[in-house]
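Visitor: Please show me the model, and let us go through its aromatic rings and then its chain interface.

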Amino acid sequence: MTTNTNLNKFDSKLVMAHMHVAFVSLFIGGLMGLLQTLVRAGTFTLPFGIGYYQILTVHGVILALVLTTFFIIGFQFSLMSKTVGMTDKQRDSAWFGFWIMLFGTVTTAVTILLGQANVLYTFYAPLKAFPTFYIGLALVVIGSWIGCFTNFRQLYVWKKKNKGEKSPLLAFMVVINMLLWFIATLGVAATVILQFIPWSLGMVDTINVLLSRTLFWYFGHPLVYFWLLPAYMAWYAIIPKIIGGKIFSDSLARLAFILFLMFSIPVGFHHQLTEPGIDPLWKFIQVVLTFMVIIPSLLTAFSMFATFEITGRKKGYTGLFGWLKGLPWKDVRFFAPMVGMIFFIPAGTGGIINASNQMNQVVHNTIWVTGHFHLTVGTTVILTFFGISYWLIPSLTGRKLTSKINTLGIIQTIVWTVGMTIMSGSMHIAGLLGAPRRSSYSTYGGTEQASEWISYQIAQAVGGSILFIGIILMVYIFIYMVWAAPKGVEEFPLAKVSENAEPTPMFLENWKLWIGITIALILFAYTIPVIDIIQHSPPGSPPFDIIIK
Amino acid sequence: MSNINPLQKENKQPASESEPELKGTLIAVFSIGAFIVVSWFIVFALFVAR
Ligand SMILES: [Cu+2]
């Protein structure tokens, strides 16, 4: 497992296939985002009869579901290939999963583009899309499960060959994330396959709306952690190498990942705090469980700062914060994810506010929420993914990250920071002033309150336009790194654990224990309320077709 | 644990000396905690006021 060789060419091809889908999605989704902010500013009307809710659905589905899933699964395959290896058979099954996901994506995308699925990425019932929208989504999930089981198999085979050894840190993290994904997607698969598909095909007349939303959010919150954990993989185990340091503690990193697995699933009710039909006691319990996630989050913050401080001090920088000068700010592989980390401070804080029952009443369904997740996934996660791309893509294509691209990457990061600060900042403020999320441009009959929002909506268009420049830059950088950069060997940076760190206790790899606790927590948090929802639901709803355009 | 074996006590000393200095880290993480608490109370005040 040397660092200074590229991945073998077969694994590289597999990972690059995922990356191509991810970057095409970035461009399409970003363009839709730009159009939305322009429409909402009241300055622009969509041509050719394209609907606002149609492009909003494209934006959400292609960025939140397609870009993320393809990037993450591809990146994770590269990590597994590097740390535990990949057999030909495993690679074949990975390709099989990829093609199923791609076929599902195209099916769903075509349905949306034909205007047959204006249901937004949460596809809340009773809004009904054409059945192929749901069938495509189900295929994306099923394809991703093949990825899950391929990763599980890879670690299993490695463990059998290396009896008694602890698994490589990154392989451990990938398996945690795929376990999280598999357990979480069972919920969305259940609602799509058992509720939405039969209902949209007309095989049943009505749908239990509350049950479908509950199953969606059982998946929807861990989805956020499925995005975030690959970023944490880079923070914990790759950035230390880039800055010339070591991993602060292998045990702490594993413990944080285990806690994320346990506490990011039994918490979906914090998205349904205003929902009638769920007993407040269970909402309270799930809010408490939500707050448990603060522990591994602050563990991560501590671990990152410690890595930075130790590395800076080793380089001879002293003083309380002098070590900050010892960090390679001019290296985009560090700079982009570091900016992402800094953004996670307001992003995480906003999340705690959202999940607090009383404050949720202040921000629920306002554009504050949109501002929030454009910080989490739209900045922290995506800037870390960009930061990964700067070394991953050239190392896969057998090329070098040039200093010109490094500089362009730093400019890209700054453009993103400026654009997102303006856009997300104005979304947060407008949300506190009551501006709704998701809705197209409206003056709301000239009401005074709505007139307070318009300047923030214009600011969102300004921020959105700057962000789109950032997307064009990133797509250019991607194209350059794939086809034009000079040939060479780009380092695949894997950090080593600090010699000061305590040895990792073996109980951290007691999979049965962690999966057992995870399932027990889920059963505890969901069994009674779900029985309640099924038994005491009002009559189900018939479908409503394309009522929003 | 009032009667700590003096030998044990001495054994612990060198380990703590080689511990890395993490003052900046401590303050940074506490500042994040403070930022969270302050932001939370600002929005809570908004909730109370409305
Ligand atoms: Cu959530």
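Visitor: Which residues form one aromatic cluster with Phe123(A)?

Guide: This is a predicted model, in which local features need pLDDT of at least 70 and side-chain atom pairs count only at pLDDT 80 or more, while totals for chains, interfaces and linings use all residues. Residues are numbered from 1 along each chain as its sequence is written, chains are lettered from A in the order in which they are written, and side-chain values use heavy atoms, with hydrogens and water left out. Rings of Phe, Tyr and Trp (its six-membered ring) pair if their centres lie within 6.5 Å, planes under 30 degrees apart being stacked, over 60 edge-to-face and the rest tilted. The cluster joins Phe123(A) to Tyr124(A), Phe133(A), Tyr134(A), Trp181(A), Phe196(A), Trp199(A), Phe216(A), Trp217(A), Phe219(A) and Phe226(A).

Visitor: How many aromatic pairs does the structure hold, over all chains?

Guide: One of them is the edge-to-face pair of Phe70(A) and Phe98(A), with 5.8 Å centre to centre and 90° between the planes. Over all chains, the number of aromatic pairs is 47.

Visitor: Is Phe386(A) buried or exposed?

Guide: Buried means under 20% relative accessible area and exposed over 50%, with partly exposed in between (1.4 Å probe, protein chains only). Because the relative accessible area of Phe386(A) is 3%, this residue is buried.

Visitor: How many salt bridges does the rule find across the interface of chain A and chain B?

Guide: The rule asks for a side-chain nitrogen of Lys or Arg within 4 Å of a carboxyl oxygen of Asp or Glu. In contact (heavy atoms within 4.5 Å) are 26 residues of chain A and 20 residues of chain B. Across this interface, the number of salt bridges found is 0.
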